[in-house]
Amino acid sequence: MSKNILYVDDNQIMLGLIKLKLEQAGYTAVIAHNVDEALSIAKGKSFGAMVIDVTLAGDSGLMLMNFMKHDHKGVPVILYSGGEHDQPNVEKMIALGASKFVQKRNGSELVAAVKQLCPLG
């Protein structure tokens, strides 16, 4: 399994923080700031998991997840959000194809989710 993790977020501070945390955990963080950049970066690349912000500026993380799941079959997608989502909403995201939903906090919960879905041998 690839140790490359695609992380898509329009929040520059979170991009830097999560990239650092993923790399400290032994992963290679490949970052994108928006849907178009993520689609371009992902072409022809292999990933162990993808982390996608639910609300990207002007776009939907759910829409991006659908594209990625089509082009990268079998790769787990973690939806990540700073907004509040009730349990029925989270269940809907899982039903639409997310492997996991993680609330944005300090990043430790996200790294734990990545480790669970994409163990490093």
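**Gln103 and its setting in the chain**

With a relative accessibility of 11%, Gln103 counts as buried, because the cut-off for that class is under 20%. The model in which this residue is seen is a predicted one. Gln103 belongs to strand β7, which covers residues 100-103.

The surroundings of this side chain can be followed residue by residue. Leaving aside residues up to four places away in sequence, Gln103 touches Tyr80, Ser81, Gly82, Gly83, Glu84, His85 and Glu109. With Ser81 there is also a polar approach: a polar atom of the Gln103 side chain lies 3.2 Å from the backbone oxygen of Ser81.

From this residue the view may be widened to the fold. The protein chain contains 5 helices and 7 strands, and from the N terminus these elements follow one another in the order β-α-β-α-β-β-β-α-β-α-β-α. The radius of gyration is 13 Å, close to the 14 Å that the globule rule gives for 121 residues, so the protein chain is as compact as a globular protein of that length. Its C-alpha trace spans about 35 × 30 × 25 Å along the principal axes.

The contacts and the surface complete the description. Among contacts in the protein chain with a separation of 6 or more, 63% are made by residues 24 or more positions apart. Of the 121 residues, 44% count as buried. The protein chain exposes about 6100 Å², and 53% of this area is supplied by carbon and sulfur atoms. As to charge, the chain carries 12 positive and 12 negative charges, whose mean positions are 8 Å apart.

How values were computed. Residues numbered from 1 in each chain as written. Predicted model: local features only at pLDDT ≥ 70, side-chain atom pairs only at ≥ 80, totals over all residues. Heavy atoms only, no water. Helix = DSSP H or I, 4+ residues; strand = E, 2+ residues; numbered from the N terminus. Rg over C-alpha atoms; globule rule 2.2 N^0.38 Å. Buried < 20%, exposed > 50% of the residue type's maximum accessible area, 1.4 Å probe, protein only. Contact = heavy atoms within 4.5 Å. Areas by Shrake-Rupley, 256 points an atom, 1.4 Å probe, with all protein chains shown as cover. Lys, Arg positive; Asp, Glu negative; His and termini not counted. Charge placed at Lys NZ, Arg CZ, Asp CG, Glu CD. Polar contact = N/O pair within 3.5 Å; in protein donor to acceptor, adjacent residues only side chain to side chain.
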